[in-house]
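Okay, everyone, thanks for coming. I'll put the structure up and then walk you through a few spots, starting with the aromatic rings.

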Amino acid sequence: MSIRNTPTRWGHIAQLLHWLIVVLIVTQVILANWAEGLPISPKKVEVYAWHKSVGITILSLAILRLLWRLANPTPELPSTLKPYERALAKVTHFGLYLLLFAQPLTGWMMTSARGFPVSWFGFLQLPDFVPKNQALYNAMKDIHDSLALVLFVIVFLHVAAALKHHFVLKDDVLRRMLPFTKKS
Ligand code: HEM
Ligand code: HEM
């Protein structure tokens, strides 16, 4: 298997970025729920700071991932798929990419609108995205919370589709996104 994508298989880099982002999103949800459940304390601030740093990491990896996608061939879906199934795959993938950007950006905007700086693990302080503004904070908080639910729903559909490809349609779609697998 190669570093780059081929017309039939995702390469090492695309696979690494896909699975790294999956792990970080799971981490993100765990951190957000952990922080939410804590009483107001330095620990709560600390856990939210990790959530923000991991979120900025996801944003950076999403940019890299999109650039890598543009610089590589995209594996074709199996020709046996019906046109509506192809369309559904395109719409869900587009939605996932959109959320990989919208979720961190609304988080960053929410934090800046609240008047807090965003730092990346304490190493790098990011510029304020927007000036302090309570109404904007409220709006961004609502959007950030709602987008998290939309993300759950789309990921659920996405995973169901991947499993259907593997176990029902028995094609290579899941296998070609997994490392250490060969074409069937
Ligand atoms: C892909 C990236 C991200 C995901 C999946 C994500 C997900 C979540 C989730 C699930 C919650 C809890 C929502 C609830 O109340 O039910 C949350 C809250 C929060 N997130 Fe994120 N987040 C991401 C990125 C960011 C970033 C980059 C920042 C800031 C720089 C951020 C700042 C916050 C803050 C401040 C809260 C607490 C909001 C509140 O007061 O309820 N998030 N996030
Ligand atoms: C947070 C969770 C996830 C996100 C955000 C996500 C995101 C994405 C995105 C954006 C693509 C499109 C790649 C492209 O066209 O450039 C993709 C492809 C893919 N994902 Fe996920 N994914 C997630 C979880 C999963 C899981 C858990 C599985 C497996 C059970 C999975 C299996 C696949 C497969 C097989 C493809 C390739 C589809 C194809 O070859 O056309 N994903 N994923």
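So, the rings. There are four aromatic pairs here, going by the rule we count them with. And just so you know what you're looking at, this is a predicted model.

Take Trp 108 and Phe 129. Their ring centres sit 4.9 Å apart and the planes meet at 85°; anything over 60 counts as edge-to-face, so that's what this pair is. Where do Trp 108 and Phe 129 lie? Trp 108 is in helix H3, while Phe 129 is in the loop between strand E2 (124–126) and H4, so the pair ties together parts 21 residues apart in sequence. Are they buried or exposed? Trp 108 has 15% relative accessibility, so we call it buried. Phe 129 comes out at 35%, so that one is partly exposed.

Next up, Trp 120 and Phe 121. That aromatic pair is edge-to-face too, with 5.2 Å from centre to centre and 80° between the planes. Trp 120 is partly exposed, at 31% relative accessibility, and Phe 121 is partly exposed as well, with a relative accessible area of 40%. Add Phe 123, and Trp 120, Phe 121 and Phe 123 make up one aromatic cluster.

Okay, on to the ligands. Let's do ligand 1.

Ligand 1 has 21 residues around it, and the ones that come nearest are Glu 36, His 51, Lys 141, His 144 and Asp 145. Sorted by class, that shell is 10 nonpolar, seven polar and four charged residues. Which helices supply at least two residues each to the shell? That would be H1 (12–37), H2 (42–70), H3 (83–114) and H4 (134–168).

Now the polar contacts. Lys 141 has a polar side-chain atom 2.8 Å from an oxygen atom of ligand 1. With His 144, an N or O atom of the side chain is 2.8 Å from a nitrogen atom of the ligand. And for Asp 145, a side-chain N or O atom is 3.4 Å from an oxygen atom of ligand 1.

Then there's the iron. Which residues coordinate the iron atom of ligand 1? His 51 and His 144, each through NE2, at 2.0 Å. His 51 belongs to helix H2 and His 144 to helix H4, so this pair ties together parts that are 93 residues apart in sequence. Both histidines, His 51 and His 144, are buried. As for the geometry, the six donor atoms around that iron subtend angles of 86 to 179°, and that makes the arrangement octahedral.

Right, ligand 2. Its iron atom has His 18 (NE2) and His 158 (NE2) as protein donors, 2.0 Å away. Here the pair links distant parts of the chain: His 18 is in helix H1 and His 158 in helix H4, 140 residues apart. The six donor atoms make angles of 87 to 179°, and the site is octahedral.

What about accessibility for these two? His 18 has 12% relative accessibility, and the cut-off for buried is under 20%, so it counts as buried. His 158 is at 24%, so it counts as partly exposed.

So, if you want something to look for when you turn the model around: find His 51 and His 144 at the iron of ligand 1, then His 18 and His 158 at the iron of ligand 2. After that, have a look at the cluster of Trp 120, Phe 121 and Phe 123. That's me done, thanks.

Methods
Residues are numbered from 1 along each chain as its sequence is written. Chains are lettered from A and ligands numbered from 1 in the order in which they are written. This is a predicted model: local features need pLDDT of at least 70, side-chain atom pairs count only at pLDDT 80 or more; totals for chains, interfaces and linings use all residues. Side-chain values use heavy atoms; hydrogens and water are left out. A residue is near a molecule or strand if one of its heavy atoms lies within 4 Å of it. A polar contact is a pair of N or O atoms within 3.5 Å; within protein, one must be able to donate a hydrogen and the other to accept it, and residues adjacent in sequence count only if both atoms are side-chain atoms. Helices (H or I, at least four residues) and strands (E, at least two) are DSSP runs, numbered from the N terminus. Ala, Val, Leu, Ile, Met, Phe, Trp, Tyr, Cys and Pro count as nonpolar, Asp, Glu, Lys and Arg as charged, and the others, Gly among them, as polar. Donors are N, O and S atoms within 2.8 Å of the metal (3.2 Å for Na, K and Ca); water is not among the atoms, so sites may look incomplete. Four donors count as tetrahedral if all angles lie between 85 and 135 degrees; four count as square planar and six as octahedral if opposite donors are over 155 degrees apart and all others between 65 and 115; anything else is irregular. Buried means under 20% relative accessible area, exposed over 50%, partly exposed in between (1.4 Å probe, protein chains only). Rings of Phe, Tyr and Trp (its six-membered ring) pair if their centres lie within 6.5 Å; planes under 30 degrees apart count as stacked, over 60 as edge-to-face and the rest as tilted.
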